[in-house]
Amino acid sequence: MSAGPRITLRGLTRARSTLYDFVSSYFMFHGLDPTKTADVFAHLPALTFTEAVIYELDDANECAGRAEGGETRGGSGTAQTLEQLVCRLEEHFGAEHFRHVRSPLQRELSRGSAYWETERRLCRKLAAGTKLTDEDARHALDAVKKKSFDYRVLNLVLLASVRKQRREARDAERRRRGTGCEIKREEEEEEE
């Protein structure tokens with residue numbers, strides 16, 4: 001296993017309020033009860049990891065935006081960390097549960113990266129006292145649409161987590177009853 005993204009207690013702490021809002025707002029769309037501890041804790045590790053990584057990158061982006069000429073961890077550092085995030089999630093869920101969300105997840109993470117790049121560019125212009133152009137205003141409006149990318153990312157991570165949990169429950173039930181072949185024979189006998 002290669003090194004993964006860096007997570008700090010600050011990133012975990014910042015992730016808490018987003019996760020609280022996400023669980024309250026999105027769990028019901030996946031047939032989960034946000035008031036049931038078992039539902040929340042079953043999916044919390046991957047959601048927390050994902051949001052903490054996003055907050056770490058957000059902090060790095062803000063530092064880069066404040067730095068003179070700042071690209072300290074923007075660009076390729078962000079892209080590398082996001083790719084590590086995707087790899088860790090795929091390792092966690094397994095390819096069969098992750099394959100359906102990989103492309104949309106990468107697309108949303110790319111939108112987030114574009115948001116941060118726009119934010120850095122506009123902040124540098126404002127810090128330098130440069131007047132923003134109409135094109136800059138269009139970029140700012142486009143960035144606003146991309147700003148909540150982390151909720152879309154978390155929704156995809158939850159989807160992978162729910163798929164894995166349901167598949168494991170189905171497999172456990174099959175094992176409890178017997179092998180898949182025995183279940184198939186039972187179903188055929190019931191049809192006769």
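Hi everyone, let me begin with a definition: a residue is called buried when its relative accessible area is under 20%, exposed when that is over 50%, and partly exposed in between, using a 1.4 Å probe and protein chains only. On that basis, 37% of the 192 residues of this protein count as buried.

A quick word on the source. This is a predicted model, where local features need pLDDT of at least 70 and side-chain atom pairs count only at pLDDT 80 or more, while totals for chains, interfaces and linings use all residues. Residues are numbered from 1 along each chain as its sequence is written, and side-chain values use heavy atoms, with hydrogens and water left out.

Now the overall layout. The protein has seven helices and zero strands, and along the sequence the pattern reads α-α-α-α-α-α-α. Helices here are DSSP runs of H or I with at least four residues, strands are runs of E with at least two, and both are numbered from the N terminus. As for contacts, meaning heavy atoms within 4.5 Å, take those between residues at least 6 apart in sequence: 76% of them join residues at least 24 apart.

Let's turn to the aromatic rings. A pair of aromatic rings is described by the distance of the centres and the angle of the planes. The rings in question belong to Phe, Tyr and Trp (for Trp, the six-membered ring), and they pair if their centres lie within 6.5 Å; planes under 30 degrees apart count as stacked, over 60 as edge-to-face and the rest as tilted. The structure holds seven aromatic pairs. One of them is Phe22 with Tyr26, a stacked pair at 4.7 Å centre to centre and 20 degrees between the planes. Where do Phe22 and Tyr26 sit relative to each other in helix α1? They are four residues apart in that helix, which covers residues 9–26, so about one helical turn separates them. Phe22 is buried at 0% relative accessibility, whereas Tyr26 is partly exposed at 23%.

Tyr26 has another partner, too. Its ring centre is 6.0 Å from that of Tyr151 and the planes are at 35 degrees, so this pair is tilted. The pair links distant parts of the chain, with Tyr26 in helix α1 and Tyr151 in helix α6 (residues 149–177), 125 residues apart. Tyr151 itself is buried, at a relative accessible area of 17%. Put together, ring pairs link Phe22, Tyr26, Phe27, Phe29 and Tyr151 into a cluster.

Next, a helix pair. How do the axes of α4 and α6 meet? Those axes, which are lines fitted to C-alpha atoms over the stretch in contact, with angles running from 0 to 180 degrees between N-to-C directions, come within 9 Å and cross at roughly 170 degrees, α4 being residues 95–127. Angles under 35 degrees count as roughly parallel, over 145 as roughly antiparallel, 65 to 115 as roughly perpendicular and the rest as oblique; α4 and α6 are therefore roughly antiparallel to each other. On the α4 side the contact includes Phe98, Val101, Leu105 and Trp116, and on the α6 side it includes Val153, Leu156 and Ala160. By class, the α4 contact with α6 has 12 nonpolar, three polar and six charged residues. For that count, Ala, Val, Leu, Ile, Met, Phe, Trp, Tyr, Cys and Pro are nonpolar, Asp, Glu, Lys and Arg are charged, and the others, Gly among them, are polar.

His97 is a nice residue to click on here. This α4 residue is buried, with a relative accessible area of 9%. Beyond its neighbours within four places in sequence, His97 is in contact with Ala160, Arg163, Lys164 and Arg167. The C-alpha atoms of His97 and Arg167 are 8.6 Å apart, with their positions 70 residues apart along the chain. Also in helix α4 is Arg107, and that one is partly exposed at 44%.

Two more buried residues before I stop. Glu56, in helix α2 (residues 37–66), is at 6% relative accessibility. Not counting residues up to four places away in sequence, Glu56 touches Arg6, Ile7, Thr8 and Gly11. Ala143, in helix α5 (residues 134–146), is buried at 7%, and outside its neighbours within four places in sequence it is in contact with Tyr115 and Thr118.

Finally, the cysteines. How many disulfides, meaning pairs of cysteine sulfur atoms within 2.5 Å, does the structure hold? Zero. Cys87 is partly exposed at 27%, and Cys123 is partly exposed at 36%.

How values were computed
A disulfide is a pair of cysteine sulfur atoms within 2.5 Å.
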